[in-house]
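Below are some remarks on this model, set out as numbered points for you to follow alongside the coordinates.

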Amino acid sequence: MPIAGSGIVKMLPGRKPCKDCGFPTCFAFAMKLASGGVTVDKCPYLSEEVKDKLLDALAPPIKLVTVGSGENAVKIGNEEVVYRHEKTFVHSPAITLRISDKEDNARVEEKIKKIKELQFPWVGVNLKADLLALHFESGNKDRFLALTKKVNDATDVGVVLISEDMDALFAARDICADRHPLIYPITKENIEEALPRIKANLTPVGLRGKNIEELIPLTTRLKDAGIEELVLDPGSKNVLEGIRDQTFIRRAALKQGFRPLGYPTIAFPCFLAKDGLKEMIAGSAFINKWASIIVFSDFDQYSLLPLLVHRLNIYTDPRFPMAVEEKYYEVGEPDESSPVLVTSNWALTYFLVSSAVEATKVPAYICVKEAEGLGVLTAWAAGKFSGDSVGTFVKKCGIEDKVKHRKIIIPGKVARIKGELEDALDLKWEVIIGPRETTGIGAFLPGFAKQLKG
Ligand code: SF4
């Protein structure tokens, strides 16, 4: 929370509760405003000056920036805590694949294919890289613009445009402006020349300083010009400096409330590390310490997947267990006489059960009941996996239309819900007590499936 309600109330007019904002007192309005539940304009008695002050004070300490558009838009920033255990990190860093315009056509095609096809279904989410960074290195502007056009035509992903040549940078920006690209680098040397061109077709701006101090007048200058979608590169020369700089920026924004550094950041393992493995290690460190866009020179499925899983783990809200959606899932191609199992929605439980079922090669339905992400036994103990609640879920989930038989397998650990569940299912289903552990599914399921077909 950027400012507390007690701080806001001092800025309010304090008219004897006129209640025109819909709240009984100014204090109640202030508290709601601080929690984001109401907007400043609901109090009609604020001067423009106070309104601006409040909007500034209420803005998140790290600005939200969007790169890309549509369903591939990547949001970065808006973070509120330095450490994950304090609350949660909000927007995970964008894993970005760099394409140089010096690379040959086959290599470009290969990288475009990677960004489109390297996707991994994982614990109910789809893991993938997020952005392409197009790098002008050839010295041939036409070649860079051709690369930009090619990528723009071939994919929907957002792009980071990297060019020291301002003409090439802004010409490329104009090719894909509707994709809301990040243009980089704007520096102390080129900012005055770049400013009118940035304003002509506004997209996010990547600022590069030789050090952190050099970024401060740049962000101030652009903010004064009304440009606030900024991404910071402190010009770190190696990974150690990179981690130090990212830490400094993060702490300045969140602990000191220092607005000129309250923007997401970009890091370049592709330039800082000497080989592919070191690049991945550096990237992993930048996921921990707090880069918002991380640019790699290359990856394959073997290096990308661990990186994405690492990112998922860091950016999963520690207050909530990983859970899968409540519904029935199909394993293989089940039909009307396939077995039906029921379990809770803790992601690990679901994946253990589904993997065990898959290993038997018996097509089956797994009904996953919402249980706040708890394992079966814990969910039962917490009252989230009672016979009544499982019965209600089974009736509404649609499984009754998928199978002709009426036999449902419950985990052996919650055998005690059998009677209650049969009652909840109006005695139309026979509840079968399955194995206590998923390791028992292999011995149990094939024989049971045979009986059903029988
Ligand atoms: S409208 Fe403004 S002055 Fe009136 S009670 Fe609400 S916050 Fe206070």
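1. In this predicted model, a convenient place to begin is Ala 94, which stands opposite Ile 293 of strand E12. The two strands concerned, E3 (residues 94-100) and E12 (residues 293-296), pair in the parallel sense over four bridges.

2. That pairing belongs to an open sheet of eight strands with parallel pairing, whose order reads E10-E9-E8-E7-E6-E3-E12-E11. Its edges are formed by strand E10 (230-233) and strand E11 (266-267), each of which pairs on one side only.

3. Two helices that pack on the sheet deserve to be read together. Helix H5 (residues 141-154) touches E3, strand E6 (131-135) and strand E7 (158-162), and its direction makes about 165 degrees with that of E6. Helix H6 (residues 166-175) touches E6, E7 and strand E8 (182-186), with an angle of about 165 degrees between its direction and that of E7.

4. The largest nonpolar core counts 66 residues, and those touching the most other members are Leu 131, Leu 132, Leu 134, Val 160, Leu 161 and Ile 293. Leaving aside residues up to four places away in sequence, Leu 132 touches Thr 96, Leu 97, Ile 99, Ile 115, Val 151, Val 157 and Val 159. There is also a second, separate core of 39 residues, which includes Val 324, Tyr 328, Val 390 and Trp 429.

5. As for the ligand, 13 residues surround it, the closest being Cys 18, Cys 21, Cys 26, Phe 29 and Cys 43. By class, the shell around the ligand comprises 10 nonpolar residues and three charged ones, with no polar residue.

Definitions and conventions: Residues are numbered from 1 along each chain as its sequence is written. This is a predicted model: local features need pLDDT of at least 70, side-chain atom pairs count only at pLDDT 80 or more; totals for chains, interfaces and linings use all residues. A nonpolar core is a set of buried Ala, Val, Leu, Ile, Met, Phe, Trp, Tyr and Cys residues joined through C-beta atoms within 7 Å. A residue is buried if 20 or more other C-beta atoms lie within 10 Å of its own, exposed if 12 or fewer, and partly exposed in between; C-beta atoms are placed from the backbone. Two residues are in contact if their C-beta atoms, placed from the backbone, lie within 7 Å. A residue is near a molecule or strand if its C-beta atom, placed from the backbone, lies within 6 Å of it. Ala, Val, Leu, Ile, Met, Phe, Trp, Tyr, Cys and Pro count as nonpolar, Asp, Glu, Lys and Arg as charged, and the others, Gly among them, as polar. Two strands pair if DSSP finds at least two bridges between them. Axes are lines fitted to C-alpha atoms, for helices over the stretch in contact, and angles run from 0 to 180 degrees between N-to-C directions.
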